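Trainee: Please take a close look at a single part of this model, one charged side chain and its surroundings, and walk me through it.

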Amino acid sequence: ILGDASKVQFTQVNSSTREQVLINGQVDTVIATYSITPARAEKISFAGPYYTSQAGVLVKANNQAIQSYNDLGGRKVATQAGSTGPAILAQFAPKSTVQEFQTHQEALDSLRQGRVAAYVTDYTLLLNTL
């Protein structure tokens with residue numbers, strides 16, 4: 001899809017770095033989940049949307065106390081830095097304590113280790129954890 005493989009260089013980015021590397025000209029494109037918001041559209045040219053998803057709430061299987069975002073108040077909730085997660089939590093669970101992680105894996109590990117009660121991120125990413 002990108003043509004001659006010898007002319008392509010891949011750089012790993014995460015939610016908190018993907019926008020800045022584009023703005024700085026360090027990369028030509030980012031291929032990743034990336035919600036289109038009005039603020040982002042002012043800085044970035046998007047090639048989509050090509051897929052639409054919503055945020056989801058992931059909890060441990062034995063957690064019966066959290067059934068929806070309404071149950072996140074007063075609890076520590078993981079999300080990714082640089083994602084729409086913090087804004088979503090501010091809107092739908094303003095009484096939660098938000099912990100931002102640099103990577104999806106760090107947020108998952110925090111949930112698995114019991115350091116947070118839930119993880120809020122794009123539903124598509126959460127499907128990959130099942």
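Mentor: A polar contact here is a pair of N or O atoms within 3.5 Å, and within protein one of the two must be able to donate a hydrogen and the other to accept it. Keep in mind that the model is predicted. The side chain to look at is Arg 40, which sits in helix α2. A polar atom of the Arg 40 side chain lies 2.8 Å from the backbone oxygen of Gly 82. The side chain also reaches a second backbone oxygen, that of Ser 35, at 2.9 Å.

Is Arg 40 buried or exposed, and what is the nearest side chain of opposite charge? Arg 40 is buried, and that nearest side chain is Glu 19, 4.1 Å away. A salt bridge needs a side-chain nitrogen of Lys or Arg within 4 Å of a carboxyl oxygen of Asp or Glu, so at 4.1 Å the pair does not count. Arg 40 has no salt bridge.

Leaving aside neighbours within four places in sequence, Arg 40 is in contact with Arg 18, Glu 19, Tyr 34, Ser 35, Phe 46, Gly 82, Ser 83 and Thr 84. Ser 35 and Gly 82, whose backbone oxygens were described above, are both in that list.

Now follow Glu 19. Side chains of opposite charge can pair when their charged atoms come close. Glu 19 meets the side chain of Lys 43 in a salt bridge, with N to O at 2.9 Å. Lys 43 lies in the loop between α2 and β1 (55-58) and Glu 19 in helix α1, so this pair ties together parts that are 24 residues apart in sequence. The two ends differ in cover: Glu 19 is buried, at 17% relative accessible area, whereas Lys 43 is exposed, at 51%.

The count for the model comes to two salt bridges. The other pair is Asp 109 with Arg 112, at 3.8 Å from N to O. These residues are three apart in helix α4 (residues 104-112), which means that about one helical turn separates them. Asp 109 is partly exposed, with a relative accessibility of 28%, and Arg 112 is also partly exposed, at 48%.

For contrast, turn to the surface. Ile 31 is in the loop between α1 (18-23) and α2 (38-41), and its relative accessibility of 69% makes it exposed. Together with Ile 1, Leu 2 and Phe 10, Ile 31 forms a nonpolar surface patch with about 600 Å² of accessible area in total.

Definitions and conventions: Residues are numbered from 1 along each chain as its sequence is written. This is a predicted model: local features need pLDDT of at least 70, side-chain atom pairs count only at pLDDT 80 or more; totals for chains, interfaces and linings use all residues. Side-chain values use heavy atoms; hydrogens and water are left out. Patches are made of residues with over 30% relative accessible area and no salt bridge: like charges are joined within 9 Å, nonpolar side chains (Val, Leu, Ile, Met, Phe, Trp, Tyr) within 5 Å. Accessible areas come from the Shrake-Rupley method with a 1.4 Å probe; for residues, only the protein chains shown count as cover. Helices (H or I, at least four residues) and strands (E, at least two) are DSSP runs, numbered from the N terminus. Buried means under 20% relative accessible area, exposed over 50%, partly exposed in between (1.4 Å probe, protein chains only). Lys and Arg count as positive and Asp and Glu as negative; His and the chain ends are not counted. Contact means heavy atoms within 4.5 Å.
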